[in-house]
Amino acid sequence: MYSLLVPLGARERNYFCHKTIRLHSSTFPMSWFINVFRNSLGRKLLMATTGLFLISFLIVHCAVNAAIFYNDNGRIFTIAAHFMATNPIIRTIEIILVLAFVAHIFQGFWLWRLNRDARPVRYAYKDDSSSSWYSRSMTLFGTLILLFLVIHTSNFWIPNRVNQFLYGEELPLY
């Protein structure tokens with residue numbers, strides 16, 4: 001049961017009064033959250049949020065990998081890489097990262113399909129002057145990043161995780 005402040009008609013004495021209404025508890029609290037992602041604006045919000053999360057991961061990943069350039073024969077890099085590979089919080093964020101990556105790809109395709117289906121008859125002339133080159137080439141960059149991630153994870157992440165699972169230790173990456 002929820003108590004709402006409901007406006008009454010102008011003829012009533014109190015303009016606002018508390019009115020108790022009965023709502024199904026399993027649908028009301030999260031229904032607004034689910035409904036946000038049913039329209040294109042909410043989907044774009046999810047796309048942007050997962051994109052920012054992926055960029056933040058990329059910044060941290062590059063910062064840890066930049067430790068390899070410190071002139072100490074890879075000691076700081078090894079410490080940082082060991083921390084990132086064995087910390088349970090980071091390992092949990094890894095799972096969230098994969099889910100965000102899949103959600104980002106799915107939402108990208110979904111938004112592309114909604115945009116394409118919104119106008120089934122194509123324009124005779126395509127005017128790209130209002131959009132930047134970066135926004136027109138997002139698909140190309142996304143495909144290149146996906147290709148890089150497949151190669152990168154198959155060369156580094158997957159062999160290291162398999163070695164950790166089988167032998168309990170990390171591969172020497174330096």
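# Exercises on a predicted chain

Arg 91 and Glu 94 form a salt bridge whose closest N and O atoms are 3.5 Å apart. A salt bridge here is a side-chain nitrogen of Lys or Arg within 4 Å of a carboxyl oxygen of Asp or Glu. The model is predicted, so local features need pLDDT of at least 70 and side-chain atom pairs count only at pLDDT 80 or more, while totals for chains, interfaces and linings use all residues. Residues are numbered from 1 along each chain as its sequence is written, and side-chain values use heavy atoms, with hydrogens and water left out.

## Exercise 1

Task: Place the salt bridge of Arg 91 and Glu 94 in the chain, and describe the exposure of both residues.

Solution:
- Step 1. Both residues belong to helix 4 (residues 88–118), three residues apart, about one turn of the helix. Helices (H or I, at least four residues) and strands (E, at least two) are DSSP runs, numbered from the N terminus.
- Step 2. Arg 91 is partly exposed, at a relative accessible area of 30%. Glu 94 counts as buried, at 19%. The cut-offs are under 20% relative accessible area for buried, over 50% for exposed, and partly exposed in between (1.4 Å probe, protein chains only).

## Exercise 2

Task: Find which residue of helix 6 forms a salt bridge with Glu 94, and describe its surroundings.

Solution:
- Step 1. The partner of Glu 94 is Arg 161, with the closest N and O atoms 2.6 Å apart. Because Glu 94 lies in helix 4 and Arg 161 in helix 6, the pair ties together parts that are 67 residues apart in sequence.
- Step 2. Arg 161 is buried, with a relative accessible area of 13%.
- Step 3. Leaving aside neighbours within four places in sequence, Arg 161 is in contact (heavy atoms within 4.5 Å) with Ala 85, Arg 91 and Glu 94.

## Exercise 3

Task: Describe the salt bridge of Arg 116, then state which residues are joined into one network by shared partners.

Solution:
- Step 1. Arg 116 pairs with Asp 117, the closest N and O atoms being 3.2 Å apart.
- Step 2. Arg 116 is partly exposed at 34% relative accessible area, and Asp 117 is partly exposed at 40%.
- Step 3. Salt bridges with shared partners join Arg 91, Glu 94 and Arg 161 into one network. The structure holds four salt bridges.

## Exercise 4

Task: Locate Asn 73 and describe its phi angle.

Solution:
- Step 1. Asn 73 sits in the loop between helix 2 and helix 3 (75–86).
- Step 2. At 67% relative accessibility, Asn 73 counts as exposed.
- Step 3. The phi of Asn 73 is positive, about 60 degrees, although Asn 73 is not a glycine. Most residues other than glycine have a negative phi.

## Exercise 5

Task: State where confidence is lowest and where it is highest in the chain.

Solution:
- Step 1. The mean pLDDT of the chain is 79, and 82% of its residues reach 70 or more. pLDDT is the predictor's confidence in each residue, from 0 to 100.
- Step 2. Confidence is lowest in strand 1 (residues 2–7), at a mean of 47, and highest in helix 2 (residues 40–66), at 90.
- Step 3. Residues 1–6 have pLDDT below 50; beyond near neighbours in sequence, this stretch has 23 contacts in the model. Where pLDDT is low, the predicted coordinates should not be read in detail.
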